[in-house]
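Please work through the following exercises with the sequence and the structure open beside you. Try each task before you read its solution.

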Amino acid sequence: MLKVGLTGGIAAGKSVVGEMLVALGAHLIQADHIAHQLMQPGEAVYQEVVRHFGSGILNPDGSVNRSRLAEAAFGPAADAGKASRIQELNQIVHPAVVKRQEDWMNEVGRREPHAIAVVEAALILEAGAAHQFDRLLVVTCRPEQRVERWAQRVNVDQESARREVQRRMAAQLPDEEKIRAADYVIDNSGSLEDTEKQVRALFPKLQAEAASRSQSQEGPGTSN
(Lines give C-alpha, C1' and ligand atoms only; values in the text may rest on other atoms or scores of the structure.)
Protein backbone atom coordinates (compact mmCIF):
# COMPACT_ATOMS: atom_id res chain seq x y z
CA MET A 1 0.00 0.00 0.00
CA LEU A 2 1.03 3.58 -0.63
CA LYS A 3 0.19 6.25 1.97
CA VAL A 4 -0.23 9.67 0.37
CA GLY A 5 -0.60 12.95 2.24
CA LEU A 6 -2.60 15.46 0.19
CA THR A 7 -2.06 19.01 1.38
CA GLY A 8 -1.90 22.66 0.37
CA GLY A 9 -2.97 26.10 1.53
CA ILE A 10 -6.52 27.27 2.09
CA ALA A 11 -8.75 27.10 -1.02
CA ALA A 12 -5.94 25.67 -3.15
CA GLY A 13 -8.18 22.86 -4.41
CA LYS A 14 -7.19 19.86 -2.25
CA SER A 15 -10.73 18.47 -2.25
CA VAL A 16 -10.99 18.76 -6.04
CA VAL A 17 -7.75 16.82 -6.49
CA GLY A 18 -8.87 14.30 -3.86
CA GLU A 19 -12.10 13.65 -5.76
CA MET A 20 -10.13 13.13 -8.96
CA LEU A 21 -7.87 10.59 -7.24
CA VAL A 22 -10.88 8.72 -5.88
CA ALA A 23 -12.42 8.62 -9.37
CA LEU A 24 -9.24 6.89 -10.55
CA GLY A 25 -9.37 4.29 -7.77
CA ALA A 26 -7.67 5.77 -4.69
CA HIS A 27 -9.14 5.66 -1.18
CA LEU A 28 -9.58 9.03 0.57
CA ILE A 29 -10.26 10.38 4.03
CA GLN A 30 -10.41 14.06 4.99
CA ALA A 31 -8.77 15.26 8.21
CA ASP A 32 -11.44 17.95 8.48
CA HIS A 33 -14.14 15.26 8.49
CA ILE A 34 -12.27 13.32 11.18
CA ALA A 35 -11.97 16.47 13.30
CA HIS A 36 -15.70 17.08 12.88
CA GLN A 37 -16.44 13.57 14.16
CA LEU A 38 -14.07 14.00 17.11
CA MET A 39 -15.83 17.21 18.11
CA GLN A 40 -19.21 15.56 18.54
CA PRO A 41 -20.66 15.73 22.08
CA GLY A 42 -19.37 12.89 24.23
CA GLU A 43 -16.02 12.60 22.45
CA ALA A 44 -12.86 13.25 24.50
CA VAL A 45 -11.67 15.90 22.02
CA TYR A 46 -15.02 17.70 22.30
CA GLN A 47 -14.72 17.82 26.08
CA GLU A 48 -11.18 19.22 25.92
CA VAL A 49 -12.08 21.85 23.34
CA VAL A 50 -15.02 23.06 25.44
CA ARG A 51 -12.87 23.07 28.57
CA HIS A 52 -10.24 25.26 26.88
CA PHE A 53 -12.47 27.56 24.84
CA GLY A 54 -15.63 27.72 26.94
CA SER A 55 -19.31 27.04 26.38
CA GLY A 56 -19.58 30.19 24.23
CA ILE A 57 -18.45 28.13 21.22
CA LEU A 58 -21.50 25.85 21.50
CA ASN A 59 -24.83 25.87 19.74
CA PRO A 60 -28.01 25.57 21.84
CA ASP A 61 -28.06 21.80 21.23
CA GLY A 62 -24.53 21.44 22.66
CA SER A 63 -22.76 20.90 19.33
CA VAL A 64 -19.69 22.96 18.45
CA ASN A 65 -20.37 26.07 16.40
CA ARG A 66 -17.37 25.91 14.09
CA SER A 67 -17.52 29.59 13.16
CA ARG A 68 -17.40 30.61 16.83
CA LEU A 69 -14.58 28.17 17.50
CA ALA A 70 -12.60 29.55 14.54
CA GLU A 71 -13.18 33.07 15.82
CA ALA A 72 -11.99 32.07 19.29
CA ALA A 73 -8.91 30.34 17.89
CA PHE A 74 -7.91 32.83 15.17
CA GLY A 75 -9.68 35.98 16.22
CA PRO A 76 -9.73 38.83 18.72
CA ALA A 77 -6.78 37.69 20.84
CA ALA A 78 -4.48 37.91 17.83
CA ASP A 79 -6.04 41.24 16.80
CA ALA A 80 -5.27 42.62 20.26
CA GLY A 81 -1.61 41.81 19.83
CA LYS A 82 -1.79 38.60 21.85
CA ALA A 83 -0.83 35.17 20.64
CA SER A 84 -3.39 33.38 18.49
CA ARG A 85 -4.96 30.39 20.22
CA ILE A 86 -4.86 28.26 17.09
CA GLN A 87 -1.84 26.38 18.44
CA GLU A 88 -3.78 25.58 21.59
CA LEU A 89 -6.62 24.18 19.50
CA ASN A 90 -4.25 22.21 17.28
CA GLN A 91 -2.55 20.62 20.29
CA ILE A 92 -5.91 19.24 21.38
CA VAL A 93 -7.20 18.10 18.01
CA HIS A 94 -4.18 17.06 15.93
CA PRO A 95 -2.93 14.04 17.93
CA ALA A 96 -6.37 12.43 17.84
CA VAL A 97 -6.80 13.19 14.14
CA VAL A 98 -3.35 11.78 13.32
CA LYS A 99 -4.14 8.58 15.27
CA ARG A 100 -7.47 8.16 13.44
CA GLN A 101 -5.73 8.71 10.08
CA GLU A 102 -3.14 6.07 10.88
CA ASP A 103 -5.78 3.54 11.95
CA TRP A 104 -7.76 4.19 8.75
CA MET A 105 -4.72 3.77 6.47
CA ASN A 106 -3.75 0.53 8.21
CA GLU A 107 -7.29 -0.82 7.79
CA VAL A 108 -7.26 0.07 4.07
CA GLY A 109 -3.92 -1.71 3.71
CA ARG A 110 -5.23 -4.85 5.39
CA ARG A 111 -8.21 -4.98 3.04
CA GLU A 112 -6.32 -4.04 -0.12
CA PRO A 113 -2.53 -4.48 -0.06
CA HIS A 114 -2.02 -2.61 -3.36
CA ALA A 115 -4.20 0.34 -2.36
CA ILE A 116 -3.42 4.04 -2.58
CA ALA A 117 -4.65 5.58 0.69
CA VAL A 118 -4.91 9.37 0.55
CA VAL A 119 -5.32 11.64 3.58
CA GLU A 120 -6.45 15.16 2.69
CA ALA A 121 -5.28 17.61 5.36
CA ALA A 122 -4.29 21.27 5.34
CA LEU A 123 -1.79 21.02 8.19
CA ILE A 124 0.22 17.85 7.54
CA LEU A 125 3.56 19.64 7.71
CA GLU A 126 2.50 22.08 10.44
CA ALA A 127 1.31 19.17 12.61
CA GLY A 128 4.60 17.30 12.14
CA ALA A 129 2.68 14.42 10.53
CA ALA A 130 4.60 14.12 7.26
CA HIS A 131 6.38 11.01 8.57
CA GLN A 132 3.02 9.18 8.42
CA PHE A 133 3.13 9.16 4.64
CA ASP A 134 5.18 7.54 1.90
CA ARG A 135 4.54 10.45 -0.46
CA LEU A 136 3.47 14.05 -0.01
CA LEU A 137 1.30 15.66 -2.72
CA VAL A 138 0.92 19.45 -2.56
CA VAL A 139 -1.79 21.39 -4.40
CA THR A 140 -1.10 25.04 -5.23
CA CYS A 141 -2.81 27.96 -6.92
CA ARG A 142 -2.31 31.71 -7.28
CA PRO A 143 -2.92 33.81 -4.13
CA GLU A 144 -5.75 35.78 -5.69
CA GLN A 145 -7.52 32.57 -6.65
CA ARG A 146 -7.68 31.55 -2.99
CA VAL A 147 -9.65 34.70 -2.20
CA GLU A 148 -12.03 34.24 -5.13
CA ARG A 149 -12.64 30.58 -4.29
CA TRP A 150 -13.17 31.26 -0.59
CA ALA A 151 -15.63 34.05 -1.39
CA GLN A 152 -17.62 31.66 -3.58
CA ARG A 153 -17.41 28.79 -1.10
CA VAL A 154 -18.80 30.67 1.90
CA ASN A 155 -20.74 33.32 -0.05
CA VAL A 156 -19.00 36.45 1.25
CA ASP A 157 -17.62 39.56 -0.44
CA GLN A 158 -14.04 39.73 -1.71
CA GLU A 159 -12.73 41.87 1.14
CA SER A 160 -14.17 39.57 3.82
CA ALA A 161 -12.75 36.59 1.97
CA ARG A 162 -9.34 38.25 1.73
CA ARG A 163 -9.22 38.89 5.49
CA GLU A 164 -10.23 35.33 6.29
CA VAL A 165 -7.75 33.81 3.83
CA GLN A 166 -4.93 35.95 5.22
CA ARG A 167 -5.89 35.03 8.78
CA ARG A 168 -5.90 31.31 8.05
CA MET A 169 -2.77 31.43 5.90
CA ALA A 170 -0.93 33.01 8.84
CA ALA A 171 -1.36 29.68 10.67
CA GLN A 172 -0.02 27.68 7.69
CA LEU A 173 3.40 27.31 6.13
CA PRO A 174 3.93 29.28 2.91
CA ASP A 175 3.36 27.39 -0.34
CA GLU A 176 7.08 27.65 -1.11
CA GLU A 177 7.95 25.57 1.96
CA LYS A 178 5.25 23.02 1.24
CA ILE A 179 6.45 22.65 -2.34
CA ARG A 180 10.03 22.08 -1.14
CA ALA A 181 8.78 19.25 1.08
CA ALA A 182 6.58 17.73 -1.65
CA ASP A 183 7.21 14.60 -3.67
CA TYR A 184 4.60 15.70 -6.20
CA VAL A 185 2.93 19.06 -6.95
CA ILE A 186 -0.38 19.72 -8.69
CA ASP A 187 -0.81 23.28 -9.99
CA ASN A 188 -4.51 24.08 -9.71
CA SER A 189 -4.19 27.60 -11.15
CA GLY A 190 -5.64 26.68 -14.53
CA SER A 191 -8.80 24.99 -15.70
CA LEU A 192 -10.29 21.87 -14.10
CA GLU A 193 -9.34 20.02 -17.26
CA ASP A 194 -5.70 21.03 -16.80
CA THR A 195 -5.74 19.91 -13.17
CA GLU A 196 -7.33 16.60 -14.12
CA LYS A 197 -4.68 16.07 -16.79
CA GLN A 198 -1.96 16.45 -14.14
CA VAL A 199 -3.73 14.05 -11.77
CA ARG A 200 -4.20 11.46 -14.53
CA ALA A 201 -0.49 11.70 -15.40
CA LEU A 202 0.46 11.24 -11.74
CA PHE A 203 -1.84 8.34 -10.88
CA PRO A 204 0.05 5.55 -12.73
CA LYS A 205 3.19 6.54 -10.81
CA LEU A 206 1.33 6.19 -7.52
CA GLN A 207 -0.07 2.83 -8.64
CA ALA A 208 3.40 1.58 -9.52
CA GLU A 209 4.76 2.69 -6.15
CA ALA A 210 1.87 1.04 -4.31
CA ALA A 211 2.47 -2.25 -6.14
CA SER A 212 6.21 -2.06 -5.52
CA ARG A 213 5.75 -1.47 -1.81
CA SER A 214 3.27 -4.30 -1.53
CA GLN A 215 5.68 -6.72 -3.20
CA SER A 216 8.60 -5.62 -1.05
CA GLN A 217 6.52 -6.09 2.11
CA GLU A 218 5.50 -9.58 1.01
CA GLY A 219 9.15 -10.38 0.38
CA PRO A 220 10.72 -12.91 -2.03
CA GLY A 221 9.43 -16.43 -1.89
CA THR A 222 6.28 -15.53 0.03
CA SER A 223 3.55 -18.06 -0.48
CA ASN A 224 -0.05 -18.36 0.65
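The exercises below deal with helices, their contacts and a few single residues.

This is a predicted model, in which local features need pLDDT of at least 70 and side-chain atom pairs count only at pLDDT 80 or more, while totals for chains, interfaces and linings use all residues. Residues are numbered from 1 along each chain as its sequence is written, and side-chain values use heavy atoms, with hydrogens and water left out.

**Exercise 1.** Find which residues of helix α2 are buried, and state what covers them.

*Solution.* Begin with the naming: helices (H or I, at least four residues) and strands (E, at least two) are DSSP runs, numbered from the N terminus. In α2, the residues A31, I34, A35 and L38 are buried, where buried means under 20% relative accessible area, exposed over 50%, and partly exposed in between, with a 1.4 Å probe and protein chains only. These residues lie on the same side of α2, because they cover an arc of only 100° around the axis; the arc is that of the directions from the helix axis to the C-beta atoms. Their cover includes β2 (27–30), α3 (44–53), α6 and β3 (116–120).

**Exercise 2.** Describe how the axes of α2 and α6 cross, and which residues make the contact.

*Solution.* Helix α2 spans residues 31–38 and helix α6 spans residues 86–111, and their axes come within 10 Å and cross at roughly 115°. Here axes are lines fitted to C-alpha atoms, for helices over the stretch in contact, and angles run from 0 to 180 degrees between N-to-C directions. The crossing angle therefore makes α2 roughly perpendicular to α6, given that angles under 35 degrees count as roughly parallel, over 145 as roughly antiparallel, 65 to 115 as roughly perpendicular and the rest as oblique. The crossing of α2 and α6 is right-handed; a crossing has this hand if the near helix is turned clockwise from the far one by less than a right angle, and is left-handed if anticlockwise. On the α2 side the contact (heavy atoms within 4.5 Å) is made by A31, I34, A35, Q37 and L38, and on the α6 side by V93, A96, V97, R100 and Q101. Sorted by class, this contact has seven nonpolar, two polar and one charged residues, where Ala, Val, Leu, Ile, Met, Phe, Trp, Tyr, Cys and Pro count as nonpolar, Asp, Glu, Lys and Arg as charged, and the others, Gly among them, as polar.

**Exercise 3.** Separate the buried residues of α3 from the exposed residues on the face turned away, and then examine the contact with α6.

*Solution.* The buried residues of α3 are V45, Y46, V49, V50 and F53. They cover an arc of only 130° around the axis, which puts them on the same side of α3. The face turned away from this buried side carries the exposed residues A44 and R51. The buried residues of α3 pack against α2, α4 (66–74) and α6. Turning to the last of these partners, the axes of α3 and α6 come within 10 Å and cross at roughly 175°, and the two helices are therefore roughly antiparallel to each other. Their contact is made by V45, E48, V49, H52 and F53 of α3 together with E88, L89, I92, V93 and A96 of α6. By class it has seven nonpolar, one polar and two charged residues. Just after α3, G54 takes a positive phi of about 90°.

**Exercise 4.** Compare the places and accessibilities of A11 and N155, each with a positive phi although neither is a glycine.

*Solution.* The phi of A11 is near 60°, and this residue is found in the loop between β1 and α1 (14–24). A11 counts as buried because its relative accessibility is 4%. For N155, phi is about 60°, and the place of this residue is in the loop between α7 and α8. N155 counts as exposed because its relative accessibility is 70%.

**Exercise 5.** Is L2 buried or exposed, and which residues does L2 touch?

*Solution.* L2 is found in strand β1 (residues 2–8), and at 0% relative accessibility L2 counts as buried. Not counting residues up to four places away in sequence, L2 touches A115, I116, A117, D134, R135, L206, E209, A210 and R213.
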